[in-house]
Amino acid sequence: MAALRVLLLLLTAGGASGGPQPDCSYLGLLKHLELDSANHLLTVTRPVWNWTRPTYVWVDMLLYSILQVDEKVQTVTSHVWRYMTWTGEFLTWNSTEFCGIPYVIVPASSVWIPDVSIVEDVSDTGSTYRSPVVKLFYNGFISTYSSQRLTTTCHLQLRLFPFDTQRCNITFLSMSSGEDAVHMGAFNNGSSLTKFAEQVMVTQGEWQLRKMEIVFDRLRNGETPLSEVVYMVTMVRKPMLYVINLIVPLFALLLLDVASFFIHEARGEKLSFKVTVLLSISVLLLILQDMLPSTEDQLPMIANYCVAIFGFVGFSVLEAILVSHLIDLDGYCGRKAQRSAQKQEQQEAGGPKAAAGEEKAQVKPDQSLLPLNPSSSRDLLQQILEAVTSLRNQADRRIREQGDGSYRRVAEIIDAVFFSLYFIGIVVFLSYMYSVWIYYVFQ
């Protein structure tokens, strides 16, 4: 029985050795593809049997992180991976003839690679890593990948800053080949790439990815149109930092300015307090200036918000200066009237005494002719003069009291009217601004 088994084994081995053996090595596959030596024809020509057929190139971009958005220079910096696949009609094989080998990895310098570039790219040359190898599949598909710290230009719409939503395009195309030679496309759709980016995204900073859309378009370049694939990246800013650092402090300073109307003018602290509030708003305006570009066609709403609050407080300071001037003018007029009244009282106080002396001088020579008592007549005359002087002083004082305080009353009327208009203006302005912001935030 053992001898029979040995005989059958020998017969089976002999029959197997007599048939053709499949090549299971990568070296044999490379020889079959003529990639075992330098073949420059495969690197300089488009791999098609018929030149009228275009080469289909699929580009998938994976967004791993949003690193920076520079509003001043209108650029967006992100970290992306790019997977590119195309067809090579010269590089196909029957996998059953090579023990089922599905793909082989070869140097990128040994095959033709489409010159696909990004139109909006302004990155440094050293920010891109390109894979030194490509993967060849048995059906002729060739794929490679590259990673890049990508900086692209983007027209940022800052009208609703910091509650803005930005949409930036990343366009892939071949500048040297027209649509009849290279046709651009993408394997995955925008929703699947968005879900993948949300899962693998490491950092977003102050931005949150909302969605990615893919648009296939044609770019006219003279007579030959260029095929392009456009990735439209939509991202939303996280506004909490700006709300805490700008919007809330400006609102608090505006409330302080409103509260300053209840400070009494006589203390002299109202004007200095308002000027301090105005300077604080100026500091916040300087901070905002470093964030926003100077080439924006329309001012962002937060800039209008800051300028309007600055204007409100500025008019409030001017009103405080006017009211303070009127009160000071009223005090000056009152002091001047008081000094003149005191001077007049002094003169009138000296008048009765002089009049009494003259009367005494005139009465002395004729004392023998008067029937009245001399001492009683002088006292009576003195009392009459004092009574007349007192009545005159009271009349002058009543006239001064009716004239004093006119400037103060004008200042109080101006202050009350201005406060009413000021408060109504602030309520209307803040209601408009906050309603617009809330509408666009929850849109």
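Select the lining of the second largest cavity: by class it has seven nonpolar, one polar and no charged residues. Here Ala, Val, Leu, Ile, Met, Phe, Trp, Tyr, Cys and Pro count as nonpolar, Asp, Glu, Lys and Arg as charged, and the others, Gly among them, as polar. The residues to pick are Leu42, Pro47, Gly88, Phe90, Leu91, Val111, Trp112 and Ile142. They enclose about 40 Å³ of space. A cavity is a set of points, on a 1 Å grid over the protein atoms alone, where a 1.4 Å probe fits but cannot get out; lining residues have an atom within 4 Å of a point. Grid points are joined across faces, edges and corners, and a volume is the space filled by probe spheres set on the points.

This is a predicted model, in which local features need pLDDT of at least 70 and side-chain atom pairs count only at pLDDT 80 or more, while totals for chains, interfaces and linings use all residues. Residues are numbered from 1 along each chain as its sequence is written, and side-chain values use heavy atoms, with hydrogens and water left out.

Next, show the whole chain as a cartoon. Its secondary structure comes to nine helices and 11 strands; helices (H or I, at least four residues) and strands (E, at least two) are DSSP runs, numbered from the N terminus. Of the 443 residues, 37% are buried, where buried means under 20% relative accessible area, exposed over 50%, and partly exposed in between (1.4 Å probe, protein chains only). Among contacts (heavy atoms within 4.5 Å) with a separation of 6 or more, 79% are between residues 24 or more positions apart.

Now go to the largest cavity, one of three cavities of 30 Å³ or more. The largest cavity has a volume of about 90 Å³. Select Leu63, Ile66, Val76, Ser78, Thr152, Cys168, Ile170, Val233 and Met235 to see its lining. Strand E1 (55-70), strand E2 (75-87), E8 and E11 each give two or more residues to this lining. The lining divides into seven nonpolar, two polar and no charged residues.

Keep Cys168 selected and add Cys154: what joins Cys154 to Cys168? A disulfide does, with an S to S distance of 2.1 Å; the term covers a pair of cysteine sulfur atoms within 2.5 Å. Cys154 sits in the loop between strand E7 (141-153) and strand E8 (165-174), and Cys168 in strand E8, 14 residues apart. The link is left-handed, with -85° about the S-S bond. Both Cys154 and Cys168 are buried. The structure holds one disulfide.

Move to the largest pocket, which holds about 240 Å³ of space. A pocket is an open set of grid points with protein on both sides within 12 Å along at least five of seven lines. Phe163, Thr165, Arg210, Tyr440 and Val441 are the closest to its centre of the 12 lining residues. Strand E11 (224-237) and helix H9 (406-441) each contribute two or more residues to the lining. By class, this lining has seven nonpolar, two polar and three charged residues.

For the last stop, select Ala38, in the loop between helix H2 (26-32) and helix H3 (41-44). Is Ala38 buried or exposed? Ala38 counts as exposed because its relative accessibility is 68%. Add Ser110, 72 residues away along the chain: the C-alpha atoms of Ala38 and Ser110 are separated by 7.2 Å. For contrast, select Cys306, which counts as buried because its relative accessibility is 0%.
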